[in-house]
Amino acid sequence: MTSRSDVSAVKAALRTQAIETPSWAYGNSGTRFKVFAQPGVPRNPFEKLDDAAKVHEFTGAAPTVALHIPWDRVEDYAALAKHAEERGLKLGAINSNTFQDDDYKLGSVCHPDAAVRRKALDHLLECVDIMDATGSKDLKLWFADGTNYPGQDDIRERQDRLAEGLARVYERLGDDQRMLLEYKFFEPAFYTTDVPDWGTAYAHCLKLGPKAQVVVDTGHHAPGTNIEFIVATLLREGKLGAFDFNSRFYADDDLMVGAADPFQLFRIMYEVIRGGGFSPDVAFMLDQCHNIEAKIPAIIRSVMNVQEATAKALLVDREALVVAQRSGDVLAANAVVMDAYNTDVRPLVAEVREELELDADPMAAYRRSGWAEKIAGERVGGQQAGWGA
């Protein structure tokens with residue numbers, strides 16, 4: 001049975017949790033065959049922030065918004081940062097884009113043509129300039145670079161080009177800024193991917209220095225991968241910088257976090273807590289595409305899913321678990337973990353919200369707010385934000 005002091009400690013921890021939402025999740029998205037439009041979708045980065053503010057208003061746990069360049073490019077980034085501040089938000093990670101241009105057909109920073117590599121590098125350096133203007137601390141890098149056929153390019157030389165490009169960006173970072181390197185085991189490259197796994201990302205970050213950290217996207221793994229082992233290892237090495245939370249059934253599905261395997265999310269969060277990663281040094285970011293469901297409620301639900309998985313992980317009786325582990329009692333150790341996972345933490349999380357003077361049910365509060373109807377009526381005309389915009 002969980003003691004009152006344990007519950008108080010869990011609630012205190014939950015009050016400090018911050019989950020970054022992605023600007024692109026508020027725009028239109030879809031399958032590789034069709035992008036599905038919805039009424040009221042933002043038409044510019046300022047309206048994206050307006051929607052993000054509603055997520056934070058009803059959850060109290062989403063104070064920052066990640067931007068994507070060029071999708072969120074504006075003339076005045078200081079004005080965008082002020083717009084966020086006026087709505088109780090801050091601008092978070094700046095995400096680069098070196099995959100939506102004809103020049104990048106054969107890669108970006110790993111491209112065999114030096115001119116294309118220079119173009120990609122210029123974009124990454126522009127992203128650091130934007131970080132300076134917005135006050136953002138993190139530059140998040142994901143590369144679609146790779147090859148489709150044996151012999152298409154030299155695998156080792158591509159790693160050399162990658163290392164050279166990353167080093168140039170690393171040199172440009174300020175003292176309080178970080179580079180977060182993401183990996184993905186395939187897609188769109190199907191023979192070799194230049195950053196295919198956590199080991200490759202870790203090797204590059206280790207060589208670069210302390211301002212380079214690895215991003216774990218929970219959808220970027222082969223079926224059966226023990227993601228919590230990767231998390232534990234990176235934390236042990238001091239190289240876990242951030243998460244991109246989402247769910248997968250088959251590949252990189254970008255579904256709502258906790259939708260496919262909530263037990264996995266719980267296991268990951270336990271290793272985060274166990275390894276000292278429940279801190280501002282590890283960013284909890286969402287990276288999702290809401291293709292058929294309403295955007296803002298889906299993001300609210302995602303934030304709630306992370307909160308609930310965290311609460312369960314915090315409830316694991318560490319002392320009892322250690323005793324069982326050291327005595328070799330396999331069933332007792334597993335029971336400790338399962339007892340925490342099977343706990344219904346929804347009332348506990350609701351209490352935390354009420355103590356923060358929020359509605360206990362963020363989904364119901366959002367529905368009552370009338371925001372969905374308001375933006376559907378007002379955001380008429382112009383071009384909706386979405387993939388490529």
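The structure holds 31 salt bridges (a side-chain nitrogen of Lys or Arg within 4 Å of a carboxyl oxygen of Asp or Glu). This is a predicted model: local features need pLDDT of at least 70, side-chain atom pairs count only at pLDDT 80 or more, and totals for chains, interfaces and linings use all residues. Residues are numbered from 1 along each chain as its sequence is written, and side-chain values use heavy atoms, with hydrogens and water left out.

**Exercise 1.** Classify the burial of Lys 140 and Asp 244, which meet in a salt bridge.

*Solution.*
- Take the distance: N to O is 2.9 Å.
- Place the partners: Lys 140 is in strand S6 and Asp 244 in strand S11, 104 residues apart (strands are DSSP runs of E, at least two residues, numbered from the N terminus).
- Apply the cut-offs: buried is under 20% relative accessible area, exposed over 50%, partly exposed in between (1.4 Å probe, protein chains only).
- Lys 140 has 4%, so Lys 140 is buried.
- Asp 244 has 0%, so Asp 244 is buried.

**Exercise 2.** Do the same for Glu 57 and Lys 54, a salt-bridged pair in helix H2.

*Solution.*
- The closest N and O atoms are 3.1 Å apart.
- The two residues sit three apart, about one turn of the helix (helices are DSSP runs of H or I, at least four residues).
- Glu 57, at 41%, is partly exposed.
- Lys 54, at 17%, is buried.

**Exercise 3.** Describe the salt bridge between Lys 374 and Glu 378.

*Solution.*
- N to O is 3.0 Å.
- Both residues lie in helix H14, four residues apart.
- Lys 374 is partly exposed, at 39%.
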